[in-house]
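The following exercises concern one protein chain. Each task is followed by a solution that goes step by step.

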Amino acid sequence: MPIPKHIWQTWKTRILDPPIQHRIDTMLRLNPDYEYHLLDDEMLDQFVHYEFSDYPNVIECYERLNIMVAKVDFWRYLVLYKYGGV
């Protein structure tokens, strides 16, 4: 089974500095057949609570992480599990 053509990325906010936006634009230009997803910190929380509402243990584990970098790392596994991509 091929890897789904999704690119998942997170950032603190959805407001990006010009150099970061330029890198994203370049990546998308080089990969036009991929679907791009940018989620901010708040959207990560919403994603976990919505997509894993049937798995309270997953939500509890996510919520117990008190370092944002750890939450983002855990989210990466969850989003790839749920939707696949890179």
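On a 1 Å grid over the protein atoms alone, a pocket is an open set of points where a 1.4 Å probe fits, with protein on both sides within 12 Å along at least five of seven lines, and lining residues have an atom within 4 Å of a point. The model is predicted, so local features need pLDDT of at least 70 and side-chain atom pairs count only at pLDDT 80 or more, while totals for chains, interfaces and linings use all residues. Residues are numbered from 1 along each chain as its sequence is written, and side-chain values use heavy atoms, with hydrogens and water left out.

**Exercise 1. Outline the chain.**

Step 1. Helices (H or I, at least four residues) and strands (E, at least two) are DSSP runs, numbered from the N terminus. The chain has 4 helices and 2 strands.

Step 2. In sequence order, these elements give the pattern β-α-β-α-α-α.

Step 3. The C-alpha trace spans about 40 × 35 × 15 Å along its principal axes.

Step 4. Buried means under 20% relative accessible area, exposed over 50%, and partly exposed in between (1.4 Å probe, protein chains only). Of the 86 residues in the chain, 30% are buried.

**Exercise 2. Describe the largest pocket and one residue of its lining.**

Step 1. The lining consists of Thr 10, Trp 11, Lys 12, Asp 41, Met 68, Val 69, Val 72, Asp 73 and Arg 76.

Step 2. Helix H4 (residues 68-83) gives the most to this lining, with 5 residues.

Step 3. Ala, Val, Leu, Ile, Met, Phe, Trp, Tyr, Cys and Pro count as nonpolar, Asp, Glu, Lys and Arg as charged, and the others, Gly among them, as polar. The lining accordingly divides into 4 nonpolar, 1 polar and 4 charged residues.

Step 4. Thr 10 belongs to strand E1 (residues 6-10). Its relative accessibility is 15%, so Thr 10 counts as buried.

Step 5. Contact means heavy atoms within 4.5 Å. Apart from its neighbours within four places in sequence, Thr 10 has contacts that include Val 72 and Arg 76, two residues that also appear in the lining.

**Exercise 3. Which residues of the largest nonpolar core touch the most other members?**

Step 1. A nonpolar core is a set of buried Ala, Val, Leu, Ile, Met, Phe, Trp, Tyr and Cys residues joined through side-chain atoms within 4.5 Å.

Step 2. The core has 13 residues, and those touching the most other members are Leu 39, Leu 44, Phe 47, Val 48, Phe 52 and Trp 75.

Step 3. Helix H2 (41-51), helix H3 (56-64) and H4 are the elements that give two or more residues to this core. The most come from H4, with 4 residues.

Step 4. Beyond its neighbours within four places in sequence, Phe 47 is in contact with Leu 39, Phe 52, Trp 75, Leu 78, Val 79, Lys 82 and Tyr 83.

**Exercise 4. Characterise the pair formed by Trp 8 and Tyr 83.**

Step 1. Rings of Phe, Tyr and Trp (its six-membered ring) pair if their centres lie within 6.5 Å; planes under 30 degrees apart count as stacked, over 60 as edge-to-face and the rest as tilted. The whole structure holds 6 aromatic pairs.

Step 2. The ring centres of Trp 8 and Tyr 83 are 5.8 Å apart and the planes stand at 35°, so this pair is tilted.

Step 3. Because Trp 8 lies in strand E1 and Tyr 83 in helix H4, the pair ties together parts that are 75 residues apart in sequence.

Step 4. Trp 8 is buried at 15% relative accessible area, whereas Tyr 83 is partly exposed at 35% relative accessibility.
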